Amino acid sequence: MADLVKLTIDGKAVQVPPQTLVIDAAKTVGIEIPAFCYYEGLTLQAACRMCLVEVEKMPKLQTACTLVATDGMVVKTTTDQVRKARKDMIEFLLTNHPLDCPVCDKGGECELQDMTFRYGLDKTRFSEEKQHIPEEKWSPVVYYDRPRCILCFRCVRVCDEGMDVKALGVGVRGVQSVILPNKPGELACEECGMCIDICPVGALTSGTYRYQTRPWEMTYVGSPCTHCSNGCKTTLSVRNNEILRANNRDHSGINGEFLCAKGRFAFDFTVHPERIRQPLVRRNGKLEPASWEDAFERVARRLKQVRDAHGASAIGVIGSNHTTNEENYLLNRFARITLGTNNLDHHRTADYAGLAAALGLRMKDSLATMADIYNAPAVLLIGNDANNQNPLVGWQIRTGSRHQGLRLYVINGQPSKIHRQAKIVAEVPQGSEPQAIHWLATRQGQWDAKTTESLTQLKAALEAERDVAVVFGSNIQGGAIRELVSFAARLDGKTKFMALGDYSNSRGAADMGILPDRLPGYALLSDAAERARFGKLWGGEIPGAAGLTVRGMVEAASAGKIKALYVMGANPLKQFPGQQADRVAGLDLLVAHEMFLTETAQRADVVLPAACSYEKEGSLTNTAGQVQLTHRATDPQGPRSDFDLLRILSHQLSLLGLGAPIRLRTPAAALDEICQNVSGYDVSQVTLLGGGAELAAPVCRTVESYEPSAEAVFSSNDYLFTSGTLGRYCSRLTSTNEANEKPWSSSPSTQSWWHR
Ligand code: SF4
Ligand code: SF4
Ligand code: SF4
Ligand code: FES
């Protein structure tokens with residue numbers, strides 16, 4: 001490391017690396033220099049003059065946010081001249097700023113309030129009447145209150161530099177300056193709300209939260225976002241058992257300051273009027289409300305009947321990619337021991353089992369975390385529109401590229417905004433990314449001259465890189481992952497991998513063995529020792545033959561071979577559309593744990609209302625393999641956690657002679673068992689309990705090739721404004737203009753803001 005720079009601030013000796021700004025140097029010794037426009041990670045603006053300090057041998061006050069610390073510098077931050085300058089700046093800022101703190105959303109959390117309290121005057125020399133300008137609604141989720149704006153330009157910079165959307169700008173000069181959206185009076189953008197979060201005052205406010213409450217009336221619960229697979233930590237602000245806001249209160253998660261539109265605004269599905277709050281049972285062909293006792297009794301009795309009449313292989317169990325690890329773990333035991341079937345699968349949105357098989361014993365130090373993406377010198381992104389489908393991954397790539405010079409290489413068959421950051425984009429025909437990998441690994445395959453040239457350039461560039469992070473989407477599966485790993489392993493340094501799935505626990509569902517041929521931790525079902533190990537743990541015998549995939553179960557149901565289908569938090573009849581009635585025509589029993597009357601729940605014989613991850617304790621594993629705890633922010637008032645539903649049913653079934661009851665009483669007890677018994681999950685619970693994330697890397701000990709069956713792994717291609725079933729019931733999300741325009745569509749209106 002280069003020599004440290006030595007300076008003095010307010011008489012304290014300070015040592016910092018070269019190029020450190022005085023404002024940051026002061027922080028290292030606990031000295032606060034007030035600032036509005038300075039924001040770590042964004043370009044310097046020097047607009048607010050709040051950070052003025054005195055520096056010996058410099059004639060005028062200096063802005064600490066742009067001044068680089070140098071050897072021997074003597075800085076003073078509390079002189080009379082500095083104090084007066086700060087008071088004057090605040091007086092200017094308040095010239096036309098309305099003093100409507102009692103009703104302003106930012107009241108209690110406002111940097112201007114705090115600075116005025118700490119550094120301002122208690123009176124003003126300006127007695128002119130303030131100019132009122134009405135608030136503007138720029139979108140259903142972003143509002144602008146012009147007189148409150150202090151023109152720090154943080155919003156403009158975060159939208160431009162952080163989001164690469166560039167939807168905000170500055171109009172007019174001098175005292176007339178104003179922040180403007182990219183369309184007359186409205187925004188066409190990603191609706192991420194980052195501009196709202198970063199605004200130091202109440203000038204940009206949230207459509208979901210404005211004028212609803214005061215910050216001190218709420219309680220705050222940190223929990224992972226319930227939507228995509230990236231696992232951003234959100235702070236849920238709760239009052240009277242209702243989530244009123246989701247934001248990034250302490251930036252303590254793996255996502256730092258980032259949240260996309262879904263994490264920030266898409267929580268109102270929890271209180272949607274169509275939420276199922278009572279068990280439903282089918283009577284005379286119609287779903288009707290029922291008591292819990294009636295619903296449990298029916299499910300248990302009829303599952304037993306099917307098993308007695310047709311055998312366990314006539315029962316299928318479909319798990320979820322947004323229920324918790326503990327629930328998936330229990331479902332595994334419930335299916336294989338209580339019901340005795342290996343017909344167990346879920347909608348797989350990435351081939352995590354394939355990655356585990358391809359990496360084998362290397363898994364532990366070969367998975368890329370979200371931080372690894374940001375820190376990587378180079379990223380190879382294959383076949384996924386990261387900005388849309390994995391927004392945090394997109395953010396990590398963008399910020400890594402701005403802050404650290406990360407070089408991005410892309411192989412993709414569809415346009416994406418993230419290509420703007422790429423050094424080389426090999427545009428291949430849509431869906432042919434696996435063939436491109438084959439070409440990289442073997443030089444075999446036919447492409448047109450342009451594609452061959454870009455692939456050749458990309459290969460040469462990658463071979464000159466080291467420590468590459470390889471990130472790939474759902475259509476890289478089985479053999480293609482093996483080829484990718486073998487190609488990337490030949491690159492210099494330590495190559496790391498991340499498979500990109502769709503939903504909040506896509507990875508956890510696979511890790512917990514919700515697969516027809518794998519036990520938790522990708523232990524092979526065909527391995528008698530592993531079957532015996534989990535059988536002993538779960539108090540029963542696990543059958544040895546691999547079961548059916550989701551598709552296999554749905555098809556077997558329509559052929560009358562599966563007689564009972566038990567579906568926990570999934571919607572297979574939407575995923576495999578067609579004549580839905582035909583799909584389940586042969587079933588004697590369809591049970592669904594659900595929040596809403598989805599296509600599957602509508603056909604069910606019994607619907608058990610389920611809680612979402614904002615309403616229960618447990619853990620989720622993001623697509624990188626990072627485990628985080630979920631926390632109960634609200635009481636769902638009626639619905640129960642899938643964990644409780646499975647436990648209760650196991651007790652009910654045991655009374656009928658099917659299996660032993662599940663003795664794990666709480667998700668915490670189940671997590672203990674997981675940590676002790678599932679490969680890769682021996683993670684530090686201290687970190688988890690402290691709100692942190694731990695990497696779980698299940699090791700496939702029996703290294704073998706893995707090929708998922710056809711159409712077992714596929715993405716729903718959700719994007720920024722959709723999120724499976726949950727997204728459909730988020731009115732805030734669906735009310736935005738952009739929700740109705742697929743960003744990679746050829747729609748001219750979309751193209752204009754997306755692909756500029
Ligand atoms: S909501 Fe996001 S994309 Fe839209 S203007 Fe604000 S920062 Fe930019
Ligand atoms: S709207 Fe907020 S963030 Fe944007 S310039 Fe005004 S005060 Fe700063
Ligand atoms: S990137 Fe994914 S996890 Fe993060 S806020 Fe958005 S939807 Fe939620
Ligand atoms: S923080 Fe330095 S000028 Fe605004």
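**View 1. The surroundings of ligand 3 in the predicted model**. Around ligand 3 stand Cys225, His227, Cys228, Gly231, Cys232, Phe258, Leu259, Cys260, Lys262, Gly263, Pro391 and Leu392, a residue being near a molecule if one of its heavy atoms lies within 4 Å of it. At least two residues of this shell are supplied by each of the helices α6 and α12, where helices (H or I, at least four residues) and strands (E, at least two) are DSSP runs, numbered from the N terminus. Sorted by class, the shell of ligand 3 holds 8 nonpolar, 3 polar and 1 charged residues; Ala, Val, Leu, Ile, Met, Phe, Trp, Tyr, Cys and Pro count as nonpolar, Asp, Glu, Lys and Arg as charged, and the others, Gly among them, as polar. Residues are numbered from 1 along each chain as its sequence is written, while chains are lettered from A and ligands numbered from 1 in the order in which they are written. This is a predicted model, in which local features need pLDDT of at least 70, side-chain atom pairs count only at pLDDT 80 or more, and totals for chains, interfaces and linings use all residues, with side-chain values based on heavy atoms and with hydrogens and water left out.

**View 2. The surroundings of ligand 1**. The residues that surround ligand 1 are Cys159, Val165, Ala167, Leu168, Leu187, Cys189, Glu190, Glu191, Cys192, Gly193 and Cys195. By class, this shell is made up of 8 nonpolar, 1 polar and 2 charged residues.

**View 3. The surroundings of ligand 2**. There are 13 residues around ligand 2, and those that come nearest are Cys149, Cys152, Phe153, Cys155 and Cys199. The shell of ligand 2 consists of 13 nonpolar residues, with no polar and no charged ones.

**View 4. The largest pocket**. The largest pocket encloses about 1300 Å³ of space, and 48 residues line this pocket, with Tyr39, Glu111, Arg154, Asp197 and His251 nearest its centre. On a 1 Å grid over the protein atoms alone, a cavity is a set of points where a 1.4 Å probe fits but cannot get out, whereas a pocket is an open set with protein on both sides within 12 Å along at least five of seven lines, and lining residues have an atom within 4 Å of a point. Grid points are joined across faces, edges and corners, and a volume is the space filled by probe spheres set on the points. Among the elements that each supply at least two residues of the lining of the largest pocket are α1 (22-28), α3 (111-119), α4 (154-162), β13 (242-247), α6 (261-265) and α12 (391-404). The lining of the largest pocket divides into 20 nonpolar, 13 polar and 15 charged residues.

**View 5. The second largest pocket**. About 820 Å³ of space lies in the second largest pocket, which is lined by 26 residues, and Phe92, Asn96, Cys149, Leu151 and Val175 are the ones nearest its centre. Helix α2 (residues 80-93) gives the largest share of this lining, 3 residues. By class, the lining of the second largest pocket has 15 nonpolar, 7 polar and 4 charged residues.

**View 6. Two residues with positive phi, Ala46 and Asn241**. Most residues other than glycine have a negative phi. Ala46, in the loop between α1 and β3 (52-55), has a positive phi near 50°. Ala46 is partly exposed because its relative accessible area is 24%, where buried means under 20% relative accessible area, exposed over 50%, and partly exposed in between (1.4 Å probe, protein chains only). Asn241, in the loop between β12 (233-239) and β13, has a positive phi of about 60°, and its relative accessible area of 30% makes Asn241 partly exposed.

**View 7. The loop residues Ser366 and Gly540**. Ser366 lies in the loop between α9 (352-359) and α10 (370-375) and counts as buried, because its relative accessibility is 2%. Residues up to four places away in sequence aside, Ser366 touches Leu359, Lys494, Thr495, Lys496 and Phe497, contact meaning heavy atoms within 4.5 Å. Gly540, in the loop between α17 (528-538) and α18 (550-558), is partly exposed with a relative accessible area of 32%. Apart from its neighbours within four places in sequence, Gly540 is in contact with Ile337 and Gly535.
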